[in-house]
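Q: Could you take me through one part of this model up close, the sheet and what packs around it? I'd enjoy a connected walk from strand to strand and outward from there.

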Amino acid sequence: MIVIRRPEEADALLDAGTMRCPQCRGAVVRWGHGRARTVRSVGETTLTVRPQRVRCRDCGATHILLPTALQVRRADSTEVIGNALVHKAKGLGFRRIAERMGRPESTVRRWLRRATGEHVQWLHRRGTERLVLVAREAFCNIRYVGNPLGDALCVLAAAAVEDRRRFGFPDPPWDLIGIYTQGCLLSPPRSG
Ligand SMILES: [Zn+2]
């Protein structure tokens, strides 16, 4: 899987032959499409994408291009799941969050269970790595909230804010955070 900002940007990289295989750094070429996916965005809106598939010319591996607005194997968008995590970091339980967001309690509870422990530390590291690259001095402006998930989200948000400010990226912050965290705001489900 390769997380992309937008399909148009991926098309430009593919046309130029500059998209690289994450496994061997070889050049990749278009290789059909994955099946169409419809995910729920904020509120009642939905988003349907048919992800491009690519194949590496060197090692033959195929990869799906995942737009950053989507999460790996989730039926809700990056922004929706991100908002749920923000609520959790502020101390809301899954029932309140489900009610507020108009999602089933079971779904929200599943998300929250996948944003704990080592995965939260990993989220924090991803934010730190990006912020070090774009604006090391911004660390001193972060107002940590004092719980691991909240702190991880603070660092990720700071990196997104600085990326937008420095480089003029128009992307919504959650889309940038989706790139830093490679489509995995939640720890990936076990395969199978
Ligand atoms: Zn390869």
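A: Let's start in the sheet with strand E5, whose two faces differ in cover: Gln 52, Val 54 and Cys 56 make up the covered face, while Arg 53 and Arg 55 belong to the uncovered one. Do keep in mind throughout that this is a predicted model.

Strand E5 covers residues 52-56 and pairs with E2 in the antiparallel sense, over four bridges. Across that pairing, Arg 55 in E5 has Val 29 standing opposite. On the other flank, E5 and E6 also pair in the antiparallel sense, here over three bridges, and the residue of E6 that stands opposite Arg 55 is Thr 62. These two strands, E5 and E6, make a hairpin with five residues between them, and in its turn Gly 60 has a positive phi of about 80°.

Arg 55 deserves one more glance, since its side chain also meets a ring: Arg 55 lies over the face of Trp 31, at 4.8 Å from the ring centre.

Stepping back to the whole sheet, you will find four strands in the order E1-E6-E5-E2; the sheet is open and its pairing is mixed. Strand E1 (2-4) and strand E2 (28-33) stand at the edges with a single partner strand each, so one side of each is left without a neighbour in the sheet. From one strand to the next, the twist averages 35°.

Now for what lies on the sheet. Helix H1, residues 7-16, lies across E1, E2, E5 and strand E6 (62-67), and runs at about 130° to E2.

Following the chain onward from E6 brings us to Thr 68, placed in the loop between E6 and H2. Thr 68 is buried, with a relative accessible area of 1%. Its side chain reaches the backbone oxygen of Asp 175 at 2.5 Å. Setting aside residues up to four places away in sequence, Thr 68 touches Val 3, Ile 4, Arg 5, Thr 78, Trp 174, Asp 175, Gly 178 and Ile 179.

Asp 175 takes us to helix H7, where it is one of the buried residues, together with Trp 174, Leu 176, Ile 177, Gly 178 and Tyr 180. Helix H7 spans residues 173-180 and is mostly covered, as six of its eight residues are buried. What lies over those buried residues? The cover includes E1, H2, H5 and helix H6 (148-167). After H7 comes Gln 182, which has a positive phi near 50°.

Two of these covering helices are worth a stop. In helix H2, residues 78-89, you can pick out His 87. His 87 has a relative accessible area of 17% and is buried. Apart from residues up to four places away in sequence, the residues that His 87 touches are Leu 92, Ile 97, Arg 100 and Met 101.

Helix H5, residues 117-135, holds Gly 127, which counts as buried at 0% relative accessibility. Beyond its neighbours within four places in sequence, Gly 127 is in contact with Val 155, Leu 156 and Ala 159. The C-alpha atoms of Gly 127 and Ala 160 are separated by 8.7 Å, although these positions lie 33 residues apart in chain numbering terms, counted as their distance apart along the chain.

Finally, let's return to Arg 5, one of the residues touched by Thr 68. The charged end of Arg 5 sits over the ring of Phe 169, at 4.2 Å from the ring centre. Phe 169 itself is partly exposed, with a relative accessible area of 24%. Its ring also takes part in an aromatic pair: the ring centres of Phe 167 and Phe 169 are 5.8 Å apart and the planes are at 35°, so the pair is tilted. The count of aromatic pairs comes to one.

Notes. Residues are numbered from 1 along each chain as its sequence is written. This is a predicted model: local features need pLDDT of at least 70, side-chain atom pairs count only at pLDDT 80 or more; totals for chains, interfaces and linings use all residues. Side-chain values use heavy atoms; hydrogens and water are left out. Rings of Phe, Tyr and Trp (its six-membered ring) pair if their centres lie within 6.5 Å; planes under 30 degrees apart count as stacked, over 60 as edge-to-face and the rest as tilted. Buried means under 20% relative accessible area, exposed over 50%, partly exposed in between (1.4 Å probe, protein chains only). A charge sits over a ring if NZ of Lys or CZ of Arg is within 6 Å of the ring centre and within 35 degrees of the ring normal. Two strands pair if DSSP finds at least two bridges between them. Axes are lines fitted to C-alpha atoms, for helices over the stretch in contact, and angles run from 0 to 180 degrees between N-to-C directions. Contact means heavy atoms within 4.5 Å. A polar contact is a pair of N or O atoms within 3.5 Å; within protein, one must be able to donate a hydrogen and the other to accept it, and residues adjacent in sequence count only if both atoms are side-chain atoms.
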